[in-house]
Amino acid sequence: MSSTSEPIRLGVVGLGRAFALSAPALHAHPGIEVVAAAEPQAQHRAAFEAAFGGRRYSDIDALLQDPRVEAVYISTPHGFHKAHALAALHAGKHVLVEKPITIALGDANALIEAAESA
(Lines give C-alpha, C1' and ligand atoms only; values in the text may rest on other atoms or scores of the structure.)
Protein backbone atom coordinates (compact mmCIF):
# COMPACT_ATOMS: atom_id res chain seq x y z
CA MET A 1 0.00 0.00 0.00
CA SER A 2 1.38 3.40 -0.91
CA SER A 3 1.46 6.47 1.28
CA THR A 4 -1.14 9.18 0.85
CA SER A 5 -0.98 12.89 0.15
CA GLU A 6 -2.29 15.69 2.32
CA PRO A 7 -5.18 15.99 1.80
CA ILE A 8 -5.99 12.35 1.04
CA ARG A 9 -7.51 12.02 -2.44
CA LEU A 10 -10.65 9.96 -1.97
CA GLY A 11 -12.76 8.09 -4.50
CA VAL A 12 -16.31 7.10 -3.57
CA VAL A 13 -18.02 3.94 -4.75
CA GLY A 14 -21.79 4.28 -4.45
CA LEU A 15 -23.58 7.63 -4.25
CA GLY A 16 -26.75 6.50 -2.47
CA ARG A 17 -28.03 7.13 1.03
CA ALA A 18 -24.84 6.22 2.93
CA PHE A 19 -22.81 8.66 0.87
CA ALA A 20 -25.49 11.35 1.10
CA LEU A 21 -25.28 11.20 4.88
CA SER A 22 -21.46 11.36 4.86
CA ALA A 23 -21.01 13.87 2.03
CA PRO A 24 -21.23 17.08 4.11
CA ALA A 25 -18.54 15.86 6.52
CA LEU A 26 -16.30 14.63 3.70
CA HIS A 27 -16.72 17.91 1.83
CA ALA A 28 -15.87 19.98 4.91
CA HIS A 29 -12.92 17.92 6.15
CA PRO A 30 -9.59 19.68 5.40
CA GLY A 31 -7.73 16.36 5.25
CA ILE A 32 -9.91 14.88 2.50
CA GLU A 33 -10.34 15.83 -1.14
CA VAL A 34 -13.10 13.86 -2.86
CA VAL A 35 -11.72 13.51 -6.39
CA ALA A 36 -13.86 10.82 -8.04
CA ALA A 37 -16.94 8.67 -7.74
CA ALA A 38 -18.29 5.47 -9.29
CA GLU A 39 -22.05 5.10 -9.54
CA PRO A 40 -24.29 3.40 -12.13
CA GLN A 41 -27.08 6.01 -11.82
CA ALA A 42 -26.40 8.99 -14.12
CA GLN A 43 -28.41 11.45 -12.03
CA HIS A 44 -26.31 10.64 -8.94
CA ARG A 45 -23.10 11.11 -10.94
CA ALA A 46 -24.33 14.51 -12.16
CA ALA A 47 -25.18 15.61 -8.62
CA PHE A 48 -21.74 14.47 -7.45
CA GLU A 49 -20.03 16.51 -10.16
CA ALA A 50 -22.05 19.60 -9.24
CA ALA A 51 -21.17 19.26 -5.54
CA PHE A 52 -17.57 18.05 -5.71
CA GLY A 53 -16.34 18.71 -9.24
CA GLY A 54 -14.60 15.34 -9.29
CA ARG A 55 -14.34 12.75 -12.00
CA ARG A 56 -17.36 10.51 -12.55
CA TYR A 57 -17.35 6.86 -13.51
CA SER A 58 -20.18 4.43 -14.13
CA ASP A 59 -18.31 1.51 -12.55
CA ILE A 60 -15.70 0.77 -9.91
CA ASP A 61 -13.13 -0.63 -12.33
CA ALA A 62 -12.71 2.72 -14.07
CA LEU A 63 -12.43 4.55 -10.74
CA LEU A 64 -9.75 2.14 -9.52
CA GLN A 65 -7.65 2.91 -12.61
CA ASP A 66 -7.66 6.64 -11.78
CA PRO A 67 -4.15 7.45 -10.48
CA ARG A 68 -5.47 10.42 -8.50
CA VAL A 69 -7.54 8.13 -6.25
CA GLU A 70 -5.45 7.07 -3.24
CA ALA A 71 -8.22 5.77 -0.99
CA VAL A 72 -11.67 4.41 -1.68
CA TYR A 73 -14.82 4.87 0.40
CA ILE A 74 -17.15 1.91 -0.22
CA SER A 75 -20.72 3.12 0.34
CA THR A 76 -22.55 0.66 -1.90
CA PRO A 77 -25.31 -1.70 -0.73
CA HIS A 78 -23.98 -4.15 1.86
CA GLY A 79 -24.03 -7.14 -0.48
CA PHE A 80 -21.40 -5.46 -2.69
CA HIS A 81 -18.96 -4.48 0.07
CA LYS A 82 -16.74 -7.57 -0.16
CA ALA A 83 -16.30 -7.48 -3.93
CA HIS A 84 -15.75 -3.73 -4.06
CA ALA A 85 -13.34 -3.63 -1.12
CA LEU A 86 -11.32 -6.56 -2.50
CA ALA A 87 -11.12 -4.86 -5.89
CA ALA A 88 -9.85 -1.65 -4.27
CA LEU A 89 -7.29 -3.51 -2.15
CA HIS A 90 -6.04 -5.45 -5.17
CA ALA A 91 -5.69 -2.13 -7.01
CA GLY A 92 -3.39 -0.90 -4.23
CA LYS A 93 -5.85 1.58 -2.75
CA HIS A 94 -6.52 2.28 0.91
CA VAL A 95 -10.09 1.30 1.80
CA LEU A 96 -12.82 2.59 4.09
CA VAL A 97 -15.96 0.43 4.12
CA GLU A 98 -19.33 1.71 5.29
CA LYS A 99 -20.83 -0.41 8.05
CA PRO A 100 -21.50 -3.23 8.17
CA ILE A 101 -18.22 -4.32 6.63
CA THR A 102 -19.98 -7.31 5.00
CA ILE A 103 -23.07 -9.42 5.49
CA ALA A 104 -21.27 -12.67 6.42
CA LEU A 105 -18.56 -13.10 9.03
CA GLY A 106 -16.45 -15.20 6.67
CA ASP A 107 -16.50 -12.39 4.10
CA ALA A 108 -15.40 -9.90 6.76
CA ASN A 109 -12.51 -12.19 7.72
CA ALA A 110 -11.50 -12.45 4.05
CA LEU A 111 -11.41 -8.65 3.79
CA ILE A 112 -9.34 -8.34 6.94
CA GLU A 113 -6.85 -10.87 5.61
CA ALA A 114 -6.67 -9.10 2.24
CA ALA A 115 -6.10 -5.75 3.95
CA GLU A 116 -3.35 -7.18 6.13
CA SER A 117 -1.67 -8.71 3.08
CA ALA A 118 -1.85 -5.40 1.22
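**Helix α2 and the sheet in a predicted model**

Trainee: Which residues of helix α2 are buried?
Mentor: The model is predicted. Helix α2 covers residues 42–52. Its buried residues are R45, F48 and F52.

Trainee: Why do the buried residues lie on the same side of α2?
Mentor: An α-helix has 3.6 residues a turn, so residues three or four places apart point the same way. In α2, the buried residues lie on the same side because they cover an arc of only 60° around the axis.

Trainee: Which residues are exposed on the other side of α2?
Mentor: Exposed here stands for over 50% relative accessible area. On the side of α2 away from the buried residues, those exposed are Q43 and A50.

Trainee: What covers the buried residues of α2?
Mentor: The cover includes one helix and two strands, and the buried residues in question are R45, F48 and F52. Among the covering elements are α1, β2 and β3.

Trainee: Which residue just after α2 takes a positive phi?
Mentor: Helix α2 ends at residue 52. Just after α2, a phi of about 70° is taken by G53.

Trainee: What is the strand order of the open sheet?
Mentor: The sheet has five strands, with parallel pairing. Its edge strands, each pairing on one side only, are β3 (55–57) and β5 (94–97). From one strand to the next, the twist averages 25°. The order is β3-β2-β1-β4-β5.

Trainee: Which residue is the bridge partner of A36 in β3?
Mentor: Strand β2 spans residues 32–38 and runs parallel to β3. Three bridges join these strands. In β3, the partner of A36 is R55.

Trainee: What angle does the direction of helix α1 make with that of β4?
Mentor: Helix α1 (residues 17–28) packs on the sheet, where it touches β1 (8–13), β2 and β4 (71–74). Its direction and that of β4 make an angle of about 135°.

Trainee: At what angle to β5 does helix α4 run?
Mentor: Helix α4 takes in residues 81–90. It lies across β1, β4 and β5. To β5, helix α4 runs at about 165°.

Trainee: What pattern does the protein follow along the sequence?
Mentor: There are five helices and five strands. Read along the sequence, they give β-α-β-α-β-α-β-α-β-α.

Trainee: What is the radius of gyration of the protein?
Mentor: The C-alpha trace spans about 40 × 30 × 25 Å along its principal axes. For 118 residues, a compact globule would have a radius near 13 Å. The protein agrees with that, at 13 Å.

How values were computed: Residues numbered from 1 in each chain as written. Predicted model: local features only at pLDDT ≥ 70, side-chain atom pairs only at ≥ 80, totals over all residues. Heavy atoms only, no water. Pairing = 2+ DSSP bridges. Helix = DSSP H or I, 4+ residues; strand = E, 2+ residues; numbered from the N terminus. Axes fitted to C-alpha atoms, helices over the stretch in contact; angles between N-to-C directions. Contact = heavy atoms within 4.5 Å. Buried < 20%, exposed > 50% of the residue type's maximum accessible area, 1.4 Å probe, protein only. Arc of directions from axis to C-beta. Rg over C-alpha atoms; globule rule 2.2 N^0.38 Å.
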